[in-house]
Amino acid sequence: MTDAAATDTTLATHVDPVATTGGVDLAALYRQSGVGEVMRQLDDELVGLAPVKSRIRDIAALLLVDKARHAHGLGGGAPSLHMSFTGNPGTGKTTVALRMADILHRLGYTRRNHVVAVTRDDLVGQYIGHTAPKTKEALKKAMGGVLFIDEAYYLYRPENERDYGQEAIEILLQVMENQRDDLVVILAGYRDRMETFYRSNPGMASRIAHHVDFPDYTPDELLRIAELLAARMDYRFDEAGLAAMREYIALRVTQPHFANARSVRNALDRARLRQASRLFSAAGEGETTPDRERLMTLSSEDLRASRVFQGGRESAITTTHH
Amino acid sequence: MRITQGTFSYLPDLSDAQITKQLQYAIDKGWAVGIEVTDDPHPRNTYWEMFGLPMFDLRDAAGILLEIHNARKTFPDHYIRVTAFDSTHQVESVVLSFIVNRPKEEPGFRLVRTEEPGRTLRYSIESYAVVARPEGARY
Amino acid sequence: MNALAKDAATEITTSTKRYKAGVLKYAQMGYWQPDYEPKRTDIIALFRITPQEGVDPVEAAAAVAGESSTATWTVVWTDRLTACDMYRAKAYSVEPVPGIPGQWFCKVAYDLSLFEEGSIANVTASIIGNVFSFKPLKAARLEDMQFPVAYVKTFRGPPTGIIVERERLDKFGRPLLGATTKPKLGLSGRNYGRVVYEGLKGGLDFMKDDENINSQPFMHWRDRYLFVMDAVNKASAATGEVKGSYLNVTAGSMEEMYKRAAFAKELGSVIVMVDLVVGYTGIQSLSNWCRDHDMILHLHRAGHGTYTRQKNHGVSFRVIAKWMRMLGVDHIHAGTAVGKLEGDPATVQGYYNVCRDAHTKVDLVRGIHFEQDWGALRKVMPVASGGIHAGQMHQLLDLFGDDVVLQFGGGTIGHPDGIQAGATANRVALEAMVLARNEGRDIANEGPQILRDAARWCSPLKAALDTWGDISFNYTPTDTSDFVPTPTAV
């Protein structure tokens with residue numbers, strides 16, 4: 001074993017195979033780190049997303065090999081780990097960020113397994129002197145783990161040259177550069193807007209080591225998501241119900257404000273509401289108490305009542321609740 | 001003279017690595033940690049200046065260490081201590097407090113005795129540094 | 001007392017029979033009520049009783065209930081002028097003591113209206129007044145008591161308490177350190193103050209008068225106070241810390257004690273001290289005085305060993321500790337477990353918990369038989385004093401945690417390089433141990449190594465370890481736990 005490994009206790013505790021044999025048993029390293037478990041969890045949690053999962057796997061492999069290299073005294077200081085997750089809403093960025101934090105922690109790149117998620121409002125103040133304390137507060141809370149900044153481009157408002165967002169960006173940059181051992185930052189948002197943001201903030205772009213693009217889900221994937229989400233809540237579609245869901249998805253993706261998995265979840269919530277109301281009025285008309293089977297089943301009519309089928313947009317879930 | 005207030009004053013000055021471990025102990029207990037600064041270390045001077053508010057809800061000591069570094073940069077020749085607060089019912093007070101920065105020279109205190117009738121004496125403690133110079137220019 | 005013959009005991013409920021002149025069994029008089037469910041406002045006492053040969057334990061328990069409440073040895077008709085059913089204490093449970101044949105635990109419930117508010121004197125006059133001399137019992141011991149929060153709130157509790165004491169002293173996150181000035185007797189005021197100054201300057205937080213230092217011919221109390229306070233203030237200036245020395249105000253009368261306490265205050269002392277031998281009422285009066293004068297009250301439990309130590313007879317110290325918390329002391333000597341004086345570690349931890357818990361839970365292994373809601377009464381700082389030294393620092397911190405005063409008398413003053421060196425050795429050992437514990441190290445096992453590491457840069461600690469490192473007092477304690485933890489325990 002090398003001295004480099006001996007001086008890094010974080011590594012030494014995780015990298016026994018390297019320490020004892022002197023050779024690099026990557027498979028053993030992988031097993032011990034438990035990264036495989038995280039990847040499986042990711043597979044369970046998220047349907048599809050093959051390109052994203054493969055990117056995450058690549059990053060995990062890179063980090064693993066970096067560790068092995070480090071144990072042999074190869075390569076320079078700590079790698080930059082800051083990342084950018086781009087994609088439309090509902091494509092799994094937050095979930096993947098949680099799993100990424102898990103991977104970083106298991107591999108010993110972060111001390112704690114936590115993600116602090118913020119937006120512009122958490123970082124930028126409204127008055128002079130308010131921004132630095134707010135940004136620092138968020139950074140301090142995230143220390144040791146991952147800071148996830150959603151819709152990061154709102155930090156930069158070129159139309160207002162006195163916008164306090166710039167101050168937040170500068171503080172962020174400083175910490176991203178000087179405290180790479182203490183914090184990993186993940187910036188997230190729509191791809192096109194993030195690209196504009198990076199073009200205007202080259203300092204930020206240069207500190208991002210990994211870009212992960214999250215594609216929209218295919219209609220088939222969305223349908224599987226619908227089934228998965230329903231099953232998690234102990235519901236299932238009957239045959240007509242599944243067909244209705246498929247049609248619903250096909251119509252919904254063409255409409256504005258489509259938010260991938262999130263739109264599917266909202267549609268399911270409304271369908272559950274309609275199913276409950278359907279069972280309730282049936283009982284009022286003297287039907288027998290619904291059995292377990294009927295309580296679990298989402299049917300075609302629970303979906304087809306949606307305005308999406310009438311060429312209209314689905315109303316917000318909050319108003320549906322009233 | 002070395003002022004020995006605080007939990008660890010009889011040990012050699014703590015390194016940042018040692019300070020980090022104590023801070024993490026406090027964070028893991030759910031305590032809030034504040035940084036306080038003074039150039040008047042009289043034993044009964046309770047209220048040192050706060051260097052920002054106590055930090056709540058942190059998970060890692062790096063955030064506090066960052067502020068300790070800021071405080072040292074701003075007040076290199078002051079006394080700086082970190083103070084941990086436990087909000088548990090019927091504790092609700094300080095539970096750990098130790099010095100993380102002290103002036104290069106510590107002139108210490110003079111015991112002032114005032115003779116009273118009989119054999120009685122009245123005592124007060126006077127800081128040489130405080131008597132010599134105004135706040136901000138003492139060390 | 002042939003009335004205590006061994007046969008079934010049932011209450012006589014017909015009033016003509018019950019109040020007929022003569023001698024009845026206590027159980028028949030209504031002092032044994034196996035179905036009684038204690039009310040939330042009852043005071044409950046647990047006695048360990050050893051009945052004489054041939055005496056039924058149930059009848060003995062009923063006798064304890066009777067003799068500690070309304071009963072006398074014969075039936076009196078004047079009972080019927082009172083709500084005597086309520087005033088009667090009720091023995092409601094009798095169980096054999098595990099592993100000790102002939103001894104029984106009996107629980108007795110007392111109605112709240114039997115007691116005067118805010119008076120431990122009244123509680124003790126009832127509960128331990130007559131009953132311990134009662135002939136049918138070979139021996140009796142008051143093991144534990146539970147007080148309803150309604151009664152607890154009639155007491156003011158510690159005048160200062162652990163939290164405020166620490167805030168006043170500006171000392172947090174570690175046990176406090178003290179030492180008793182030695183030799184106990186014979187030092188003049190001037191020589192005495194020297195010991196105080198050296199100990200405090202070397203790193204102790206407190207010095208302490210011994211229990212029998214009052215106002216003897218070799219040193220009158222005013223001389224002692226004057227010299228000690230010069231030493232305290234000088235040490236405070238030398239270190240920048242708040243320092244104190246427990247000035248013992250114990251005297252022959254309350255008037256004299258007040259006078260001494262007032263002079264201690266006039267000289268600026270943060271703390272005064274009193275001995276348990278002045279009695280519950282005397283201590284409580286002094287506690288009230290301390291509350292009015294922002295003074296910490298230290299209690300030395302002088303004399304307690306005469307009735308707390310033997311397991312079969314007397315009063316357990318955990319009960320004394322509860323009484324003292326209610327009537328209001330800030331410090332109480334509660335044992336060391338590892339030092340020269342009596343104390344099994346689990347039992348001693350039980351005393352500490354009674355002093356420091358916000359809410360005490362049943363903990364049989366530590367001798368705690370009852371839950372106790374302390375009604376936000378302040379917490380008492382236990383004091384570990386007697387035959388302890390720096391080499392045991394890891395054990396002491398592991399057993400007792402932060403809220404304790406560790407007093408190293410001989411372990412400070414007997415240091416080969418002098419008192420200051422002795423004090424410094426203790427302070428360094430303590431801080432090194434707290435630092436290590438907070439870093440997550442296993443101090444119970446790594447303690448000796450942690451001390452040796454600190455001794456490498458601290459020669460006073462090295463000398464202390466070389467002198468006392470191997471000293472321990474391994475005698476079998478007499479007051480041990482009746483309940484040992486077993487894997488099958490429910």
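In this predicted model, L242(A) sits in helix α14 of chain A, which runs over residues 239-252. The residue is partly exposed, as its relative accessible area comes to 23%, a little past the 20% under which a residue counts as buried. Setting aside neighbours within four places in sequence, L242(A) touches L223(A), E227(A) and F237(A). L223(A) lies 19 residues away from L242(A) along the chain, and the C-alpha atoms of the two are 8.3 Å apart.

Further along chain A comes helix α15, made up of the 25 residues 260-284. At 1.5 Å a residue, a helix like this should span 36 Å, and its end C-alpha atoms turn out to be 37 Å apart, so the two values agree. Plenty of α15(A) is tucked away: the buried residues are N260(A), A261(A), S263(A), V264(A), A267(A), L268(A), R270(A), A271(A), Q275(A), L279(A) and A282(A). Just past the helix, G286(A) adopts a positive phi of about 90°.

As for nonpolar cores, the largest one holds 167 residues. Those with the most contacts inside this core are F47(C), L142(C), M145(C), W323(C), M324(C) and L461(C). Its biggest contributor is helix α17 of chain C (residues 419-438), which supplies eleven residues. Another core, of 55 residues, lies apart from it and includes V47(A), Y217(A), Y235(A) and L303(A). In soluble globular proteins, nonpolar side chains do tend to be buried together.

M145(C) gives a closer look at the surroundings of one such core residue. Beyond its neighbours within four places in sequence, M145(C) is in contact with I43(C), I44(C), A45(C), V123(C), I127(C), V319(C), K322(C), W323(C), F370(C) and Q372(C).

Terms used. Residues are numbered from 1 along each chain as its sequence is written. Chains are lettered from A and ligands numbered from 1 in the order in which they are written. This is a predicted model: local features need pLDDT of at least 70, side-chain atom pairs count only at pLDDT 80 or more; totals for chains, interfaces and linings use all residues. Side-chain values use heavy atoms; hydrogens and water are left out. Helices (H or I, at least four residues) and strands (E, at least two) are DSSP runs, numbered from the N terminus. The expected span of a helix is 1.5 Å times one less than its number of residues. Buried means under 20% relative accessible area, exposed over 50%, partly exposed in between (1.4 Å probe, protein chains only). Contact means heavy atoms within 4.5 Å. A nonpolar core is a set of buried Ala, Val, Leu, Ile, Met, Phe, Trp, Tyr and Cys residues joined through side-chain atoms within 4.5 Å.
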